[in-house]
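Here is a short note for a colleague who is opening this model for the first time. Please keep the sequence and the 3D view side by side while reading.

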Amino acid sequence: YRYRIRLKLVDPLLTCVNDVKDEATAKVASIDTPWSDWSEHVSVARLAEFFLTGSFEHDSQVTFTIFTTSLGQVVKLNDKVTPGKPIGKVVKMDLLNPVTGVRESREIDFSTGVVLMEINFSKTAILKSGFARKTTEVLYLDASGQLHTRAMATDLDSKAYKDLVDQAK
């Protein structure tokens, strides 16, 4: 993306007829600045963050908890995924609109741009405490074509995951 901006300011002399030489000046409601130059190209990060939070070996699937924001609120989705499928989707949810104070149904995009490739249900992970523990690990393909892994024990223990869980309550 590329961006440019301009400001629209409320005229501080609006309605101050006695303080200006020209009465027309006090009738101007706003003042616009000139447009800025175009920015350099920038990338916008995806708004959805995901964590591996569940494992179902008998069904060959895992659960990802995905967080995003809507109407200024952190919302979450638990998405069961099998290999070859994308992580995340668009779903309808009821949210409280903070402006109107009314609950409304909205489509929320939990898409991550990531595809689950493989699941290893018996990976050994070393936890922060130094102990080894069996966990589930996944291999996934990101939107730029790079392969990555995630371990459920690490995701569940991460500060980022715990903070988002608290915010989504």
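Leaving aside its neighbours within four places in sequence, which residues is F64 in contact with? The points below start there. Keep in mind that this is a predicted model.

1. **F64 and its contacts.** Set aside the neighbours within four places in sequence. F64 is then in contact with F50, F51, L52 and T53. It also touches L77, N78, D79 and V81. I87, L116 and V138 complete the list.

2. **The largest nonpolar core.** This core has 21 residues. V62, F64, I87, L116 and V138 touch the most other members. Several strands each supply at least two core residues: strand 3 (49-56), strand 4, strand 5 (73-81), strand 7 (90-96), strand 9 (114-126) and strand 10 (132-141). Strand 9 gives the largest share, four residues.

3. **A second core.** A separate core of six residues is also present. Among its members are F51, V74, L164 and V165.

4. **T63.** This residue lies in strand 4, which covers residues 61-70. Is T63 buried or exposed? T63 has a relative accessible area of 8%, under the 20% cut-off, so it counts as buried. Beyond four places in sequence, T63 is in contact with F51, L52, T53, G54 and F56. N78, D79 and K80 are contacts of T63 too. Look at N78 in particular. T63 and N78 are 15 residues apart in sequence, but their C-alpha atoms are 6.3 Å apart in space.

5. **D79 and K89.** These two residues form a salt bridge, with the closest N and O atoms 3.3 Å apart. K89 sits in the loop between strand 6 (86-87) and strand 7, and D79 in strand 5, so the pair ties together parts that are ten residues apart in sequence. Their exposure is worth checking. D79 is buried, at 4% relative accessible area. K89 is partly exposed, at 40%.

6. **Other salt bridges.** How many salt bridges does a search of the whole structure find? The search finds seven. One of the pairs is R150 with D155, at 2.8 Å from N to O. Both R150 and D155 are buried. K27 and E23 also meet in a salt bridge, at 3.4 Å from N to O. Here K27 is exposed, with a relative accessible area of 58%. E23 is partly exposed, at 45%.

7. **D11, a charge without a partner.** D11 lies in the loop between strand 1 (8-10) and strand 2 (30-32). Side chains of opposite charge can pair when their charged atoms come close. D11 is buried yet has no salt bridge. Where is the nearest side chain of opposite charge to D11? That side chain belongs to K8, and it is 12 Å away. A salt bridge needs a nitrogen-to-oxygen distance within 4 Å. Setting aside neighbours within four places in sequence, D11 is in contact with T25, V28, A29, S30 and I31.

8. **A nonpolar surface patch.** I5, L7, L9, V28 and I31 form a nonpolar patch on the surface. Together they have about 440 Å² of accessible area. V28 and I31 have already appeared, as contacts of D11. I5 is in the segment before strand 1. Its relative accessibility is 57%, so I5 counts as exposed.

Definitions and conventions
Residues numbered from 1 in each chain as written. Predicted model: local features only at pLDDT ≥ 70, side-chain atom pairs only at ≥ 80, totals over all residues. Heavy atoms only, no water. Buried < 20%, exposed > 50% of the residue type's maximum accessible area, 1.4 Å probe, protein only. Lys, Arg positive; Asp, Glu negative; His and termini not counted. Contact = heavy atoms within 4.5 Å. Core = buried A, V, L, I, M, F, W, Y, C linked by side-chain atoms within 4.5 Å. Patch = residues over 30% accessible without salt bridge, like charges linked within 9 Å, V, L, I, M, F, W, Y side chains within 5 Å. Areas by Shrake-Rupley, 256 points an atom, 1.4 Å probe, with all protein chains shown as cover.
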